[in-house]
Amino acid sequence: MLFNSQAFVWAFLPVVLLGYGLAVRRGRAVAITWLTATSLFFYGWWNWRYVFLLLGSLAFNYVWGLLLRRHANRALLTCGIALNLTVLGYFKYANFLVDTANIVAGASWRIEPVALPLAVSFFTFEQITYLVDAYRGAPYGQNFLSYCLFTTFFPRLIAGPIVRPAEILPQLNRVSTFVLTPANVATGLFVFAIGLFKKVILADTLAPWAAPVFDRAPAVFFADAWGATLAFALQLYFDFSGYSDMAIGLAQLFNIRLPENFSSPYQARSMIDFWRRWHITLSSFLRDYLYIPLGGSRRGEVRHYLNLLITMLLGGLWHGASWKFVLWGGLLGLCLAINHLWRRSRIELPTALSWALTFAAILVAWVIFRAPSLARAQLVLLAMVGVSDASLELTPRFFDADEWQWLLAGLALVLWSPNRRAVQAMIERQWRSDHVYAAAFAVMAGLCLLRLGDPSPFLYFQF
């Protein structure tokens with residue numbers, strides 16, 4: 001079930017809110033049980049069979065966490081993490097590994113195609129954080145009801161943010177969390193409407209603009225290559241930003257605060273800064289559970305850059321089971337290494353130049369991310385630098401002056417508009433008396449509801 005679907009907006013969310021309002025009157029345990037049950041229904045809407053996978057992961061990791069609390073054994077922790085990664089590896093990478101082995105060995109091994117369960121990457125990573133916290137003796141996480149909701153809470157179940165026990169479980173262990181107040185509902189719905197507007201009105205409008213160049217055009221022209229790349233960059237921005245806003249807004253309806261996952265990343269003036277703003281919870285997970293255990297920057301300069309590269313290569317592979325994503329991650333790792341080397345020189349570039357170099361690197365990376373194949377990515381990149389024969393023709397085939405105006409307006413919006421946190425702070429200060437916010441909510445919600453007939457999945461859907 002998608003947040004931008006009629007089934008979610010008109011049926012699921014109202015029923016969950018109404019039931020929650022009744023449940024909180026009966027106490028914390030009933031409220032948690034209601035939210036967990038409805039979250040499992042939300043997950044099962046896609047494919048009910050995989051609910052059993054989620055429940056199996058939940059049961060296994062809770063029991064394993066209890067074992068780690070009683071016996072803080074590193075081998076036991078390693079075994080628990082390995083079992084989680086084995087399940088993730090099978091579902092996400094079995095087909096990729098067999099295909100790669102066939103290429104390397106010249107063989108023709110075959111397995112039945114393995115369907116990727118919804119959100120398996122997200123809840124697997126969260127289970128790993130839970131096991132590590134249990135190993136370290138964290139004072140939360142032993143309450144089974146709270147743990148169930150931590151694992152299944154529907155606003156963040158499908159595409160994050162990747163939450164850690166310390167961020168959520170203390171909230172779920174407090175009786176005061178489980179209330180339904182006008183302030184939370186008003187703010188939560190407004191933030192949800194902002195995210196829905198970004199997804200339905202902005203991202204989905206831009207999606208068809210990039211498709212002809214990336215998917216179908218026999219030749220790619222210079223202006224079209226830049227137009228399609230910028231269109232996809234903005235589509236991805238509004239799509240992921242919209243999802244992140246919707247997740248935070250939905251959680252606030254139930255008085256639960258999720259961690260920030262998106263903070264104006266296209267305003268970054270370095271690749272280091274970009275990864276502190278884009279998919280923040282994934283970046284911090286890779287840092288804390290991969291980069292630092294590899295040694296981080298503590299084992300010499302060469303090892304530091306090697307650890308960066310390994311982390312980003314695996315981060316790229318997390319985004320997709322193909323060599324295209326390995327290359328994408330490697331390119332980003334190389335950019336981060338160059339950024340760290342440049343910082344050592346202590347040479348300061350002008351702000352505008354720093355931003356331009358960073359944004360150009362991001363656009364190159366998005367070409368590889370979006371293109372259906374490496375050959376297609378090469379075609380678009382060559383056109384962007386004017387190397388291909390077709391790129392010598394400067395007249396665009398798919399983008400006219402009006403579309404370029406909208407692209408530049410979208411770029412201006414992401415560069416200079418206040419982010420969701422700033423807007424939410426204004427709402428929380430003034431929502432009781434300012435009718436401007438009510439009017440803005442009505443306009444955004446009305447426009448979005450008119451576009452819910454054919455919902456498109458989020459770009460970070462089913463990772």
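# Close-up views of a predicted model

**View 1. Aromatic rings pair up, as with Tyr 147 and Phe 150.** By the pairing rule used here, the count comes to 52 aromatic pairs. Rings of Phe, Tyr and Trp (its six-membered ring) pair if their centres lie within 6.5 Å; planes under 30 degrees apart count as stacked, over 60 as edge-to-face and the rest as tilted. The ring centres of Tyr 147 and Phe 150 are 6.5 Å apart and the planes stand at 35 degrees, so this pair is tilted. Both residues belong to helix H6 (residues 144-152), three residues apart, or about one turn of the helix. Helices (H or I, at least four residues) are DSSP runs, numbered from the N terminus. Tyr 147 is buried at 0% relative accessible area, and Phe 150 is buried at 2%. Buried means under 20% relative accessible area, exposed over 50%, partly exposed in between (1.4 Å probe, protein chains only).

A quick note on the model: it is predicted, so local features need pLDDT of at least 70 and side-chain atom pairs count only at pLDDT 80 or more, while totals for chains, interfaces and linings use all residues. Residues are numbered from 1 along each chain as its sequence is written, and side-chain values use heavy atoms, with hydrogens and water left out.

**View 2. Two lysines sit over aromatic rings: Lys 92 and Lys 199.** Lys 92 lies over the face of Trp 318, 4.7 Å from the ring centre. The charged end of Lys 199 is placed over the ring of Phe 458, at 5.0 Å from its centre. A charge sits over a ring if NZ of Lys or CZ of Arg is within 6 Å of the ring centre and within 35 degrees of the ring normal.

**View 3. Phe 8 is one of the best-connected residues of the largest nonpolar core.** That core has 144 residues, and those with the most contacts inside it are Phe 8, Phe 254, Tyr 266, Trp 278 and Trp 366. H10 supplies the largest share of this core, 18 residues. A nonpolar core is a set of buried Ala, Val, Leu, Ile, Met, Phe, Trp, Tyr and Cys residues joined through side-chain atoms within 4.5 Å. Leaving aside neighbours within four places in sequence, the contacts of Phe 8 include Phe 42, Phe 154, Phe 192 and Leu 250. Contact means heavy atoms within 4.5 Å. There's also a second, separate core of six residues, among them Ala 193, Ile 194, Val 423 and Met 444.

**View 4. Helices H3 and H4 run roughly antiparallel.** The axes of H3 (residues 51-70) and H4 (residues 74-105) come within 10 Å and cross at roughly 170 degrees. Axes are lines fitted to C-alpha atoms, for helices over the stretch in contact, and angles run from 0 to 180 degrees between N-to-C directions. Angles under 35 degrees count as roughly parallel, over 145 as roughly antiparallel, 65 to 115 as roughly perpendicular and the rest as oblique. On the H3 side, the contact includes Leu 53, Phe 60 and Trp 64; from H4 come residues including Leu 76, Gly 80 and Phe 91.

**View 5. Ala 119 and Asn 255 each have a positive phi.** Most residues other than glycine have a negative phi. Phi of Ala 119 is near 65 degrees; this residue lies in the loop between H4 and helix H5 (120-135) and is buried at 0% relative accessibility. Asn 255 has its phi near 65 degrees too. Look for Asn 255 in the loop between H10 and H11, buried with a relative accessible area of 18%.

**View 6. Ser 264 sits in the loop between helix H10 (222-253) and helix H11 (271-275).** Ser 264 is buried, at 6% relative accessibility. Not counting neighbours within four places in sequence, Ser 264 is in contact with Tyr 237, Arg 277 and Asn 419.

**View 7. Ile 272 is a buried residue of helix H11.** Its relative accessible area is 7%. Ile 272 and Ala 251 are 21 residues apart in sequence and 29 Å apart in space, C-alpha to C-alpha. Beyond four places in sequence, Ile 272 is in contact with Leu 336, Asn 339, His 340 and Arg 343.

**View 8. Val 200 belongs to helix H9 (residues 182-216).** With a relative accessible area of 3%, Val 200 is buried. Val 200 and Ser 456 are 256 residues apart along the chain, yet their C-alpha atoms are separated by 8.5 Å. Setting aside residues up to four places away in sequence, Val 200 touches Asn 4, Thr 205, Cys 448, Arg 451 and Leu 452.

Terms used: Helices (H or I, at least four residues) and strands (E, at least two) are DSSP runs, numbered from the N terminus.
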